[in-house]
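Student: Please take me through one part of this model closely, namely the helices and how they pack. I would like the cut-offs spelled out as you go.

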Amino acid sequence: MLDAIQWDADLIRRYDLAGPRYTSYPTAVQFHDDIGPFDLLHALRDSRKAKRPLSLYVHVPFCAHICYYCACNKVITKDRGRALPYLEKLEREIEIISRYIDRNQPIEQLHFGGGTPTFLSHDELRRLMQHLRQHFDLLDDDSGDYSIEIDPREADWSTMGLLRELGFNRVSLGVQDLDPEVQRAVNRLQTLEETRAIVEAARTLQFRSVNIDLIYGLPKQTPERFARTVAEVIALQPDRLSLFNYAHLPERFMPQRRISSDDLPSPADKLAMLQNSIEQLTRAGYRYIGMDHFALPDDELAIAQEEGTLQRNFQGYTTHGHCDLIGLGVSAISQIGDLYSQNDSDIASYQQTLGNGQLATRRGLHCNADDRLRRAVIQQLICHFELRFADIEQAHGVVFRDYFAALWPQLQQLDRDGLIELGGEGIQVRPAGRLLVRSLCMLFDRYLNDQVRQRFSRVI
């Protein structure tokens, strides 16, 4: 079965390393300052010539409250007036970008992230969606994947009705944990009733999919308490569920300095939370898609994995990896052909640059042939838990065994340890290796070294 996972504590102890989540390869750590607006516009022209479909990501950075665990690019403010100047610059960016694409390039995927996108007022959300429709070919038949991240404390039935009216058909709810003591420790007080009300609204209004995010490893969590949270969330029957490992990196993320390391669960308790959660979700009929993600069998991600079409990009697992991704807003990342580019991460600088009529592209990279090959390998392993050497050889004109000769002893060791099955025709990730697939992918990462690795969370 595609979704089979085998828990092997010994393997987890040996292979639970710090490493990338591979929403891209090369990862954003490799981005450099030699990429600017000209590179982005040149890539957009190529996309237009090839008539490739598009995916849009819109970053809304504002939050009214700070969550201590958060590592996102955000602006904490209760001043709702800060949204309008940002919105005006975002509209300017949309106008500039739209000149370099073809109106016949359909927007198959749209995602609003943050921050808290529903920090925007209803009028501002209407205005932004109207601007997007004016400049891009947004689909009107509800066939696109149009999703938005929601803080249930910042939404109600009228908000959900507005979002459905504007064309959104998928929602992702931040929950993290339902235990009041844990919520107090991370400054995110949110009742089960608030969450249930939004889920019920989504069902009534016929949103196509509901995702719920949980985090294990937060302060004050215990295996027993977290099991209760998972049970409550399963009762809500989300179509998808994300189970993230909290990475405590207070030296990098200032809000995390408000979390006492003494309150964090032990490594053994964290493992118990993950193991219990996997068992609970599997019993409830969820399939393990990979990399912390679970989905019901009739969900598009589960179907795509079965059919071998699942992909991964900066928005995570997706059925739209064939689209060129345009990132809009502060810190947003684009992936267009072989170009990765990222906007300025400082909101004042972003707004000033757009105010001067220029794009705020600040960094990125061009993928070379080696990057493309390794990206294909990592994508196959992380999405499908298997790799056929012939597919890579045919697409990239190499002999796999020769190209990766230096890795062969390590791959053989993974085979002996029971993580993978290494054969003459390919690699199969065994059920005991699926939770650790990032560790396998890291072997193929040419840029990874000990210094780079410390910038990432652990696999589990």
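Tutor: What follows deals with one helix and its cover, and then with two helix pairs. This is a predicted model, in which local features need pLDDT of at least 70 and side-chain atom pairs count only at pLDDT 80 or more, while totals for chains, interfaces and linings use all residues. Residues are numbered from 1 along each chain as its sequence is written, and side-chain values use heavy atoms, with hydrogens and water left out.

Helices (H or I, at least four residues) and strands (E, at least two) are DSSP runs, numbered from the N terminus. Helix α2 covers residues 37-50, which is 14 residues. From first C-alpha to last, α2 reaches 20 Å, close to the 20 Å expected at 1.5 Å a residue (the expected span is 1.5 Å times one less than the number of residues). Its buried residues are D39, L40, L41, A43, L44 and S47; buried means under 20% relative accessible area, exposed over 50%, and partly exposed in between, with a 1.4 Å probe and protein chains only. An α-helix has 3.6 residues a turn, so residues three or four places apart point the same way. The cover over the buried residues of α2 includes α3 (83-98) and the strands β1 (54-60), β14 (324-328), β15 (333-336), β16 (339-343) and β17 (361-366). After α2 comes K51, with a positive phi near 55°.

α3 also packs against helix α11 (residues 347-355): their axes come within 9 Å and cross at roughly 50°. Axes are lines fitted to C-alpha atoms, for helices over the stretch in contact, and angles run from 0 to 180 degrees between N-to-C directions. α3 and α11 are therefore oblique to each other (under 35 degrees counts as roughly parallel, over 145 as roughly antiparallel, 65 to 115 as roughly perpendicular, the rest as oblique). In α3, P85, Y86, K89, L90, R92, E93 and I96 meet I347, Y350, Q351, L354 and G355 of α11, where contact means heavy atoms within 4.5 Å. That contact has seven nonpolar, two polar and three charged residues. Ala, Val, Leu, Ile, Met, Phe, Trp, Tyr, Cys and Pro count as nonpolar, Asp, Glu, Lys and Arg as charged, and the others, Gly among them, as polar.

The second pair is helix α8 (residues 223-236) and helix α9 (residues 267-283), whose axes are 9 Å apart at an angle of about 25°. That makes α8 roughly parallel to α9. P223, F226, A227, V230, A231 and I234 of α8 meet D269, A272, M273, N276, S277, Q280 and L281 of α9. By class, these residues are nine nonpolar, three polar and one charged.
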